[in-house]
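User: I've got a fold open on my screen and I'd like to walk through it with you. Can we take it piece by piece?

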Amino acid sequence: MRELSVVGVRVELPSNQPIVLLREVEGDRYLPIWIGAVEATAIAYEQQGVKPARPLTHDLLRDVLAALKAPLQAVEITELKENVFYADLVIGDGVRVSARPSDSIALALRVGAPIRCAEQVLSEAGIVIPDEQEDEVEKFREFLEQVRPEDFAG
C-alpha cells in the first residue's frame, strides 16, 4: 500500500463530472477518481473548512465512530474492476468495511486518517504528470483555492 494525499476536487469538462485527485506522498503518480457531486461537495467542504449548520452524512459517520470508540485507522483503495474503484474503511482493531472511495476520502479528511492505495491500482490507474504539465497542476491548485462547494451542486 502507498500513502496518498488529496490534491482536491474539480469538475472535468465537457462532461461536468467531478473528480477527486490524489497524489502519492512519496512518489510522483496521481490517481484521478471520478465521483458524484454530493461527495465532491463533502470533500470540498472539509478541505475549505466549511462547517454546515447540521452534520452531513460523513460528519455523522465520524461522530458515530467516535461515540463507539472505534476510530478510523485508515482508508485503503484496494481494487479497480471494470473502471470502478473499491475501498475499505479500516476501523478500530482492524475491522474492514467496504465503502466507495469518495465516501471513504470524505471521512478520512474529517478524522485525519491516512489514505492508502494498493500498488496494483496505482500501476493500473495512476498517472505521472511530466514536468511540462506541472503548470497544469499549479493551475489546478489555483482553481481549488477559488472554487466553492456550491459549484458542485448540479
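Analyst: Here's a run of questions and answers on the sheet, the helices and a pocket, bearing in mind that this is a predicted model.

User: Let's start with the sheet. Which strands stand at its edges?

Analyst: The sheet is open and has eight strands, with mixed pairing, in the order β6-β5-β4-β7-β1-β2-β3-β8. Each edge strand has a single partner strand, so one side of it is left without a neighbour in the sheet. Those edge strands are β6 (95-99) and β8 (127-128).

User: How many bridges hold β1 and β2 together, and in which sense do they pair?

Analyst: β1 covers residues 2-12 and β2 covers residues 17-24. The two form a hairpin with four residues between them, and Asn-16 in that turn has a positive phi of about 60°. One of the pairings puts Ser-5 with Arg-23 as its bridge partner in β2. The count and sense you asked for: eight bridges, antiparallel.

User: And on to β3: which residue there stands opposite Leu-22?

Analyst: Another hairpin, again with four residues, joins β2 to β3. β3 spans residues 29-34, and β2 pairs with β3 in the antiparallel sense over five bridges. Opposite Leu-22 you'll find Leu-31.

User: How many of the eight residues in β2 are buried?

Analyst: α1 lies across β1 and β2, running at about 115° to β1. α3 also lies across β2, along with β1, β3, β4, β5, β6 and β7. β2 is mostly covered, and its buried residues number six.

User: What about β4 and β5? Which residue in β5 is the bridge partner of Val-75?

Analyst: β4 and β5 run antiparallel, joined by eight bridges. α3 runs at about 35° to β5. In β5, the partner of Val-75 is Leu-89.

User: Now helix α2. Why do its buried residues count as being on the same side?

Analyst: The buried residues of α2 (57-67) are His-58, Asp-59 and Leu-65. They sit on the same side of α2 because the arc they cover around the axis is only 125°. On the other side, Thr-57, Leu-60 and Ala-67 are exposed. So the reason comes down to that arc of only 125°.

User: What covers those buried residues of α2?

Analyst: Remember that we're talking about His-58, Asp-59 and Leu-65. The cover includes both helices and strands: α1 (37-48), β4 (72-81), β5 (84-91) and α3 (101-111).

User: Is Ile-43 buried or exposed?

Analyst: Ile-43 is in helix α1. Beyond its sequence neighbours up to four places away, Ile-43 touches Val-6, Val-9, Val-20, Ile-35, Ser-102, Ile-105, Ala-106 and Leu-109. Its relative accessibility is 0%, and the cut-off is under 20%, so Ile-43 is buried.

User: How many Å separate the C-alpha atoms of Ile-43 and Leu-109?

Analyst: Along the chain, Ile-43 and Leu-109 are 66 residues apart. In space, Leu-109 is among the residues that Ile-43 touches. Their C-alpha atoms are separated by 7.5 Å.

User: Last one: which elements each supply at least two residues of the lining of the second largest pocket?

Analyst: That pocket holds about 200 Å³ of space. Its lining includes Ile-33, Trp-34, Val-84, Phe-85, Pro-101 and Ser-102. Going by elements, those with at least two lining residues each are β3, β5 and α3.

Key:
Residues are numbered from 1 along each chain as its sequence is written. This is a predicted model: local features need pLDDT of at least 70, side-chain atom pairs count only at pLDDT 80 or more; totals for chains, interfaces and linings use all residues. Side-chain values use heavy atoms; hydrogens and water are left out. Buried means under 20% relative accessible area, exposed over 50%, partly exposed in between (1.4 Å probe, protein chains only). Two strands pair if DSSP finds at least two bridges between them. The arc is that of the directions from the helix axis to the C-beta atoms. Contact means heavy atoms within 4.5 Å. Axes are lines fitted to C-alpha atoms, for helices over the stretch in contact, and angles run from 0 to 180 degrees between N-to-C directions. On a 1 Å grid over the protein atoms alone, a cavity is a set of points where a 1.4 Å probe fits but cannot get out, and a pocket is an open set with protein on both sides within 12 Å along at least five of seven lines; lining residues have an atom within 4 Å of a point. Grid points are joined across faces, edges and corners, and a volume is the space filled by probe spheres set on the points.
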